[in-house]
Amino acid sequence: DMSFEVDTINVDLSQTIELLKSINIGESPQAPVLLADQCRTTMDKAYITWQPDDKGHEYEIHYKTGTIQMVAYVKDNSFTARCLRPGTKYKFEVKSRNKNGTSPEASIELVTEVPLAAPVILDNKCCTTTEDAYIEWHTDDKAKGYEVRYTLDTVQMAATVYDHSFTAKHLSPGTKYTFEIKSKYEIGSSATSSIDLVTLTPFLFSLDPSRVDTGSVKFSEGKRCAHIHDHSPEAQTFLGNRPIVSGRRYWEICVDSTSYSVGVAYGNMPRGKDIRESTMSWALDRDGVSYSVQHNNKVLFEILSDMNPSKIGILVDHGLGQLSFYNADTRTLIYTHWMSKKCFAQPVYPAFTLWDGSLKVHYYAQ
């Protein structure tokens, strides 16, 4: 048998322990403390903030847009996510990071704001001429203004207006235009309303002198202008030289008078008959400040107004039996008459009765 004797060795590690304590090894950061009461959203943005962490060198944010996982790194203690969908819930996860590691996540769910209601377009107030389009919508007292967009040729047009209507000018005849309107508020813009409007195709005609006393009326400018002589004993009635047999037709009449009637008539209306008084004609009549629509000596509509339009617009839809009169200076509707049988029984002609002054068929470039 062999036996050994081992001496006990005592080692003093106190100095080593103190040395290790004096070395700052470092700690991983804690999960960020989100400040939920300060987080907020708009329709397309979300703002997230948290308490700053002295041990974190940066922050890592995770969220999803659709099916795409988004990751962002920031040094500050806040983050703004952009290009989000309105009315959508998003979950944001935030972690602190330093050289020693990454903290557990802190998360918050935020819902982007629902778009504000789109403007309500007043379809019955919207109208076109051959080169203009007028759009009107319900006013919103909270809106700071409105944005109107449309395409002119290949150019995207945008206008900011502060009234609840807009007139687009210098359009092409017989062309469809789409108008988009948004309300603008301090917190952003509303959803979009849109309307399609078609500019009218010009109806070109001249005046027919065969139905009037040429001693009382002077025709000029290719029979597009008629002037009543001062000595004329009575009103003169005349028609255009082209009938409307179908479709929609629009024309404008420049008037230099306060006593006139303009409208449409069947071609077999008696010669010299006042177009207010015949069963075969329909007329907008002006007598000073009185405006009325008349047929067969009956007043269908009447107003007193100080408007003094230099041009009257007339729209005929032969198939629908529609006859509309416009103040062409302001692009506003005066009155629309609908035939009781929903259509005109015969082709109709532009018709005029003039007591004094002159009128002229207004042409547009085609």
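Two strands pair if DSSP finds at least two bridges between them. Strands themselves are DSSP runs of E, at least two residues long, numbered from the N terminus. By that rule, strand β20 (residues 248–256) and strand β29 (residues 358–362) are joined by five bridges and run antiparallel. Within this pair, C254 stands opposite K360 in β29.

This is a predicted model, in which local features need pLDDT of at least 70 and side-chain atom pairs count only at pLDDT 80 or more, while totals for chains, interfaces and linings use all residues. Residues are numbered from 1 along each chain as its sequence is written, and side-chain values use heavy atoms, with hydrogens and water left out.

Now widen the view to the sheet. Strands β20 and β29 belong to an open sheet of seven strands, in the order β17-β18-β29-β20-β25-β26-β27. The pairing is antiparallel. At the edges lie β17 (217–220) and β27 (332–338), each of which pairs on one side only. From one strand to the next, the twist averages 20°. Here axes are lines fitted to C-alpha atoms, and angles run from 0 to 180 degrees between N-to-C directions.

Next, follow strand β28 (residues 348–354). Six of its seven residues are buried, so β28 is largely enclosed by the rest of the structure. Buried means under 20% relative accessible area, exposed means over 50%, and partly exposed lies in between (1.4 Å probe, protein chains only). Strand β21 is joined to β28 by seven bridges, and the two run antiparallel. There, Y266 stands opposite V348. Strand β19 (residues 236–239) is also antiparallel to β28, with four bridges. T237 has T353 as its bridge partner in β28.

What fills the interior? A nonpolar core is a set of buried Ala, Val, Leu, Ile, Met, Phe, Trp, Tyr and Cys residues joined through side-chain atoms within 4.5 Å. The largest such core has 37 residues, and L207, W251, V316 and F344 have the most contacts inside it. Strand β21 (residues 259–266) gives the largest share of this core, four residues. Apart from it lies another core, of 21 residues, including C126, A133, A143 and F166.

Take L207 on its own. A contact means heavy atoms within 4.5 Å. Leaving aside residues up to four places away in sequence, L207 touches ten listed neighbours, among them F219, F238, L239, F352 and V361. Charged and polar-side neighbours of L207 include K223 and R224.

Salt bridges come last. A salt bridge is a side-chain nitrogen of Lys or Arg within 4 Å of a carboxyl oxygen of Asp or Glu. A search of the whole structure finds 14 of them. In one, R97 meets E58, with the closest N and O atoms 2.9 Å apart. R97 lies in strand β6 (residues 89–98) and E58 in strand β3 (residues 58–65), so the pair ties together parts that are 39 residues apart in sequence. R97 counts as partly exposed, at 26% relative accessibility. E58 counts as buried, at 18%.

Another salt bridge returns to the seven-stranded sheet. R248 pairs with D317, the closest N and O atoms being 3.9 Å apart. R248 sits in β20 and D317 in strand β25 (residues 311–317), 69 residues apart. At 40% relative accessibility, R248 is partly exposed, whereas D317, at 9%, is buried. Elsewhere, salt bridges that share partners join E58, E60 and R97 into one network.
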